[in-house]
Amino acid sequence: MQNDVGPSLIVLGAAVSALALLQPNLTPLLALGLAAVTAGLLTTWEPAAREKILAKLAEAGWENVSALIQAAGLPPKAYYIPSTIAGRPVAAVAAERPEAVPRGALTFRAKTGPAIVLSTPGTKALELCGELPEDLAEALRSCVVNVLGLARSVAVAERPDGVVVEYGGAAAPELYDQQLVKAALGGVLASITAAVAAELWRRPVEIIEEKREGRRVVVTLR
Amino acid sequence: MRYPLIALLALSGVASAFLTYLGANAVDVVVSTYTLIYWATAPFMRPLPRPVNYIHAAAGAALLAAFAYFAALRILAVLKI
């Protein structure tokens, strides 16, 4: 909604300014119209510009995570682990689905080799969202749509190959778009979806597929 | 940045109301008053990230240019050139 305030102020300010210029005895309203246009311009551009800069600064952390995954020689594939198993909601990057994750560990040795335990956007989203309903669709609506405001709508469908979650009007920021960590953790929305699903199902969850078509995002989980 | 923007809108609203009360219907007076308010609130708006500070500075420069034009017209009228 914040994105709509700026353009609305610009339109309002332009209308007031036009009225002030066309109606001779209303000329002083020009000051108010110009102020509304200025406020609209700044409100439209400022949050997006600041968000872009913060995302760029935070990229350093994701670059380090990418380098860590690469240095460990792990495939870029994460399993989202619920707090009932790992003590907090995390993702384990490992060659195979880990059966157990030591609490508080950064790395551990799984059956097939080393594994890395990472905090993800999903971890932080769960901190922000607090208690969630037991149903996945309800939980995602409550967290992603109502609390985080990262999508306008969400629909969940169960298919033989996994659970398909479809977001409409997605507006999630890209935190690590061009990096290896994206292949491992999935995008921001996929990460949050997987973390929420893992918490509700109380078992490790992996992202099978993530598709983005304009503002529609489809995430398939298993 | 929220409070300086509110101040800009509030001061402009007060200035509009006062100029209407005075019956000052000249565009140059209104634009000059708004330019003054704009630059008075400008230091409180900053710091702004890069594309936005360019927009803010460009709008301020345009207002200053308009103010300079209106001031020049008034000075020329006084000097009867």
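1. Start with one pair of residues in chain A: Phe108(A) has Ala115(A) as its bridge partner in E4(A). Keep in mind while looking at this pair that the model is predicted. The strands around it, E3(A) and E4 (residues 113-118) of chain A, are joined by 4 bridges and run antiparallel.

2. Now zoom out to the whole sheet. Chain A has an open sheet of 8 strands, and reading across it gives the order E3-E4-E2-E1-E7-E8-E6-E5, with antiparallel pairing. Which strands are at the edges? They are E3 (107-110) and E5 (153-159) of chain A, and each of them pairs on one side only. Ignoring direction, neighbouring strands in this sheet are turned against each other by 30° on average.

3. A helix sits on this sheet too. H5 of chain A (residues 136-147) packs on the sheet and touches E5 and E6 (162-168) of chain A. The direction of H5(A) makes about 150° with that of E5(A).

4. Next, the E5 end of the sheet. E5(A) and E6(A) run antiparallel and are joined by 7 bridges. The connection between E5(A) and E6(A) is a hairpin, and it goes through 2 residues. If you want residues to click on, Val156(A) has Val165(A) as its bridge partner in E6(A), and Arg159(A) has Gly162(A).

5. One step further in, E6(A) also pairs with E8 (residues 216-221) of chain A, in the antiparallel sense and over 5 bridges. A handy marker here is Val164(A), whose bridge partner in E8(A) is Thr220(A).

6. Back to the helices of chain A. H4 (residues 121-129) of chain A meets H5(A), with axes that come within 10 Å and cross at roughly 90°. That crossing makes H4(A) roughly perpendicular to H5(A). On the H4(A) side the residues are Ala125(A), Leu128(A) and Cys129(A); on the H5(A) side they are Ser142(A), Cys143(A) and Val147(A). By class, this contact of H4(A) with H5(A) has 5 nonpolar residues, 1 polar and no charged.

7. A word on how chain A is laid out. It is divided into domain 1 (2-51) and domain 2 (72-221). How far apart do the C-alpha centres of these two domains of chain A lie? The answer is 41 Å.

8. On to the partner chain. The contact takes 20 residues from chain A and 27 residues from chain B. On the chain B side, the elements that give two or more residues are H1 (2-22), H2 (27-45) and H3 (50-79) of chain B. H1(B) provides the largest share of that side, 9 residues. Sorted by class, the side of chain B that touches chain A has 19 nonpolar, 7 polar and 1 charged.

9. How are H2(A) and H1(B) oriented to each other? They pack at an angle of about 170°, and their axes are 7 Å apart. H2(A) and H1(B) are therefore roughly antiparallel. From H2(A) the contact uses Leu29(A), Ala31(A), Leu32(A), Ala35(A), Ala36(A), Thr38(A), Ala39(A) and Leu42(A). Facing them from H1(B) are Leu5(B), Leu8(B), Leu9(B), Ser12(B), Gly13(B), Ala15(B) and Ser16(B). The tally for this contact is 11 nonpolar, 4 polar and no charged residues.

10. H2(A) also meets H2(B). The axes of H2 (residues 29-71) of chain A and H2(B) come within 9 Å and cross at roughly 40°, which makes H2(A) oblique to H2(B). As for handedness, the crossing of H2(A) and H2(B) is right-handed. H2(A) makes the contact through Leu30(A), Ala31(A), Leu34(A), Ala35(A) and Thr38(A), while H2(B) uses Val27(B), Val30(B), Val31(B), Thr33(B), Tyr34(B) and Tyr38(B). Here the classes come out as 9 nonpolar, 2 polar and no charged residues.

11. One thing to look at on screen: Ala31(A), Ala35(A) and Thr38(A) are among the residues of H2(A) that contact H1(B), and they are also among those that contact H2(B).

Definitions and conventions:
Residues are numbered from 1 along each chain as its sequence is written. Chains are lettered from A and ligands numbered from 1 in the order in which they are written. This is a predicted model: local features need pLDDT of at least 70, side-chain atom pairs count only at pLDDT 80 or more; totals for chains, interfaces and linings use all residues. Two residues are in contact if their C-beta atoms, placed from the backbone, lie within 7 Å. Ala, Val, Leu, Ile, Met, Phe, Trp, Tyr, Cys and Pro count as nonpolar, Asp, Glu, Lys and Arg as charged, and the others, Gly among them, as polar. Axes are lines fitted to C-alpha atoms, for helices over the stretch in contact, and angles run from 0 to 180 degrees between N-to-C directions. Angles under 35 degrees count as roughly parallel, over 145 as roughly antiparallel, 65 to 115 as roughly perpendicular and the rest as oblique. A crossing is left-handed if the near helix is turned anticlockwise from the far one by less than a right angle, and right-handed if clockwise. Domain bounds come from an automatic or database domain assignment. Two strands pair if DSSP finds at least two bridges between them.
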